[in-house]
Structure formats: structure tokens, C-alpha cells
Amino acid sequence: AMPGFLAQAEMRQVKAAPADRFDAVFVETMSKHHMGAVRMADRMWHSGGDPRLRVMAHAIRHAQQGEIALMHDASGISAVATAVRNMPPDNVN
């Protein structure tokens, strides 16, 4: 059970979404998927393991949270504020 792993039924839901609902379904499922990546990267960041992997995990956390913010219409100053807020090592949305 990988955090954020989408079940086949969820993937079918995205594929079958009508054009007028596709964006909303996409954002919902991709946000879930990205939050799973954030949780896994957060565990790696706090693991005390290989420093190279920990640095990569921190970058993944930051990137995935930024993408989530963009999918939820963050832009301009709001997007920058979200990115800066998510930069400290222990801030995971």
C-alpha cells in the first residue's frame, strides 16, 4: 500500500470523466497521488539514511507541494508564499 498509489478504479474514473468534469477529477486524483509522494519523501527526509537520498527527498517534497498548489489555482504572490512556506525542512502540507 504505497501512499498516493491510485487504484485501477480511480484511473478508470479519470479516463471516463466527461470533458466538463475532467479537470476536477484530474486535480482530485493527482493531488492524492502527489500527497502520497510528499508523505514518502517526508519519511525519507527524516530517516537519517543516505544524505544524497535525503536531499533528493527534500526536493521531491518541495516540488510535489508546489505542483499541488498550482493545481489548486495558486498563482502570483500566493504561489510564491506557498513555495517559501514549504521550504523549511519540516513543513509538509
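Let us start at His34, which counts as buried because its relative accessibility is 7%, under the 20% cut-off used for that label. This is a predicted model, so the positions discussed here are those of a prediction. His34 sits in helix α2, which covers residues 19–45. Which residues does His34 touch, once those up to four places away in sequence are set aside? The partners are Gln64, Glu67, Ile68 and Met71. With Gln64 there is also a polar contact, in which the two side chains come to 3.3 Å.

Now step back to the whole chain. The protein has 4 helices and 0 strands, and from the N terminus its elements follow the order α-α-α-α. Of its 93 residues, 28% are buried. Among contacts with a sequence separation of 6 or more, 60% come from residues 24 or more positions apart. As for confidence, the average pLDDT is 85, and 87% of the residues score at least 70. Helix α1 has the highest confidence, with a mean of 93, whereas helix α4 (residues 76–85) has the lowest, with a mean of 73.

Back to α2, the helix that holds His34. How far apart are the end C-alpha atoms of α2? They are 39 Å apart, which agrees with the 39 Å that 27 residues should span at 1.5 Å a residue. The buried residues of this helix are Val25, Val27, Thr29, Ser31, His34, Gly36, Ala37, Val38, Ala41 and Trp45. Their cover includes α1 (8–16) and α3 (51–71).

Ala41 is another good place to look along α2. Its relative accessible area is 7%, so Ala41 is buried. Setting aside residues up to four places away in sequence, Ala41 touches Ala57, Ile60 and Arg61. Take Ile60 as an example: Ala41 and Ile60 are 19 residues apart in sequence, yet their C-alpha atoms are 6.5 Å apart in space.

Next, look at the aromatic residues. How many aromatic pairs does a search of the whole structure find? There is 1. Phe22 and Phe26 form that pair, and the arrangement is stacked, with 6.0 Å from centre to centre and 25° between the planes. Both residues belong to helix α2 and are 4 residues apart, about one turn of the helix. An α-helix has 3.6 residues a turn, so residues three or four places apart point the same way. Are these two rings' residues buried, partly exposed or exposed? Phe22 counts as partly exposed because its relative accessibility is 34%, and Phe26 is likewise partly exposed, with a relative accessible area of 34%.

Finally, follow α2 to Trp45, one of its buried residues, and meet Arg54, which is in helix α3. Arg54 lies over the face of Trp45, 5.1 Å from the ring centre. The Arg54 side chain also reaches the backbone oxygen of Trp45, at 2.8 Å. Apart from its neighbours within four places in sequence, Arg54 contacts Met44, Trp45, Ser47, Gly48 and Gly49. Met44 and Arg54 are 10 residues apart along the chain, and 5.8 Å separates their C-alpha atoms. Unlike the buried His34, Arg54 is partly exposed, because its relative accessible area is 25%.

Methods: Residues numbered from 1 in each chain as written. Predicted model: local features only at pLDDT ≥ 70, side-chain atom pairs only at ≥ 80, totals over all residues. Heavy atoms only, no water. Helix = DSSP H or I, 4+ residues; strand = E, 2+ residues; numbered from the N terminus. Buried < 20%, exposed > 50% of the residue type's maximum accessible area, 1.4 Å probe, protein only. Polar contact = N/O pair within 3.5 Å; in protein donor to acceptor, adjacent residues only side chain to side chain. Contact = heavy atoms within 4.5 Å. Phe/Tyr/Trp six-rings, centres within 6.5 Å; stacked < 30°, edge-to-face > 60°. Lys NZ or Arg CZ within 6 Å of the ring centre and 35° of its normal. Expected span 1.5 Å × (residues − 1). pLDDT = per-residue confidence, 0-100.
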